[in-house]
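User: Please take a close look at one part of this model, starting from a single residue and working outwards to the strands around it. I would like a connected account, with the criteria for each term spelled out.

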Amino acid sequence: MNIFQSNTLRQSVRRMVKRFVPKGVILMYHRVAEVDLDPWSLCVTPENFAEQLDVLQKYYQPMALKKLAAANQQGRIPFRAVAVTFDDGYADNLHNAKPLLEQYRIPATFFVTTGHVGREREFWWDELQEVLLQPGWLPETLNLLIDGSTQTWELGSAVEYSEEDKKRDRTQLAWQAQPGSRLFFYYSVWKVLRSLPDKQRDRVLEQIQGWARAKPAMRSQYRSMLPEEVRALGEGELVEVGAHTVTHPFLSAQATSLQKAEIEQSKADLEALLRRPVTTFAYPFGDYAPETVELAREAGFACACSTVEDTVWWRKDRFLLPRFQVHNWNGQEFAQQLLRWFDE
């Protein structure tokens, strides 16, 4: 048997075993809101979220993330176990998501980016979207000075962005944008900004705003929670608040010392705010390096979530728990997707 045949056999056996062993699913949400443009598919409308929770309540076994992680370590995942998680810390998590979770009695873990709590500035990806994805004209060339070198974008036909373009992009995802489109331009700038440290990224955003002759926006629909809202979110038996770093960096691109500070400080910030232990963590963008995982262990968390799409099964590493991102599906679409995930 050659190497290829051996690998194929192992994969086939793994798929067969995985189909019949107990397994669970962790769902990843970000927002429960309605917006006019959502290039990252972060928003589920309140109506669809209610339908999705109805499906979970009727046909699955919703459980807290920590309980699912512990059950997996013991090899005792309940039948059709599902955990609900939210990333980032948007204010709509409290005002739109929590009331529906309480209505359906479904637990959830909310991972909060502590540096944005009470900050009078939008998350940078929303700020960038507000500048680059508004109908109108932009200059033909963008030059950004980053780390002593200049990065240049020629917009070409993307200098003009019409109402029709924006209407079309309501059904488009940033990573699937067509080259030459304004959405593709946004995505290519986003990729550069993603790896920058927070303060440097803010300076680059100011360059972009000056180039576009735009002012920083603070839209109420896009704001993060205030400190008192984080406390209100954590009240009751259904909700757990977890850490999501301080500034939401792309961790693998940062020095180990900065990763350590981001992870440990976010835990300390939330514990001071909530006055209780914070024991769950999620890697921003789902990104991590080998040392990142060890830093999360050493910080004293009980488990940590990635964005790798897979089921939780067979004592999965509790610091690399996979999750499936939930899109703006209605109840029927969501039910079909859950069946596919459990059957994988």
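Analyst: A strand residue and its surroundings

D87 lies in strand β5, where strands are DSSP runs of E of at least two residues, numbered from the N terminus. The model is a predicted one, in which local features need pLDDT of at least 70 and side-chain atom pairs count only at pLDDT 80 or more, while totals for chains, interfaces and linings use all residues. Residues are numbered from 1 along each chain as its sequence is written, and side-chain values use heavy atoms, with hydrogens and water left out.

With a relative accessible area of 3%, D87 is buried; that word stands for under 20% relative accessible area, with over 50% called exposed and the range in between partly exposed, using a 1.4 Å probe and protein chains only. The side chain of D87 makes a polar contact of 2.8 Å with the side chain of R323. Such a contact is a pair of N or O atoms within 3.5 Å, of which, within protein, one must be able to donate a hydrogen and the other to accept it, and residues adjacent in sequence count only if both atoms are side-chain atoms. Once neighbours within four places in sequence are set aside, D87 is in contact with M28, Y29, H30, N93, F111, H244, A282 and R323, contact being heavy atoms within 4.5 Å.

M28 and Y29, two residues from that list, lead to strand β1, since both are among the buried residues of its two faces. β1 spans residues 23-29, and seven of its seven residues are buried. On one side these are K23, V25, L27 and Y29, and on the other G24, I26 and M28, which leaves both faces of β1 covered.

The pairing of β1 links it back to the strand that holds D87: β1 and β5 (residues 81-88) run parallel and are joined by six bridges, with G24 standing opposite A81 of β5. Two strands are said to pair if DSSP finds at least two bridges between them. β1 also pairs with strand β15 (residues 324-325), again in parallel, through two bridges, and there F324 is the bridge partner of L27. A further pairing, antiparallel and over two bridges, joins β1 to strand β14 (residues 312-313), in which W313 is the bridge partner of K23.

Read together, D87 is a buried residue of β5, and β5 is joined by six bridges to β1, a strand whose two faces are both covered.

Conventions
Helices (H or I, at least four residues) and strands (E, at least two) are DSSP runs, numbered from the N terminus.
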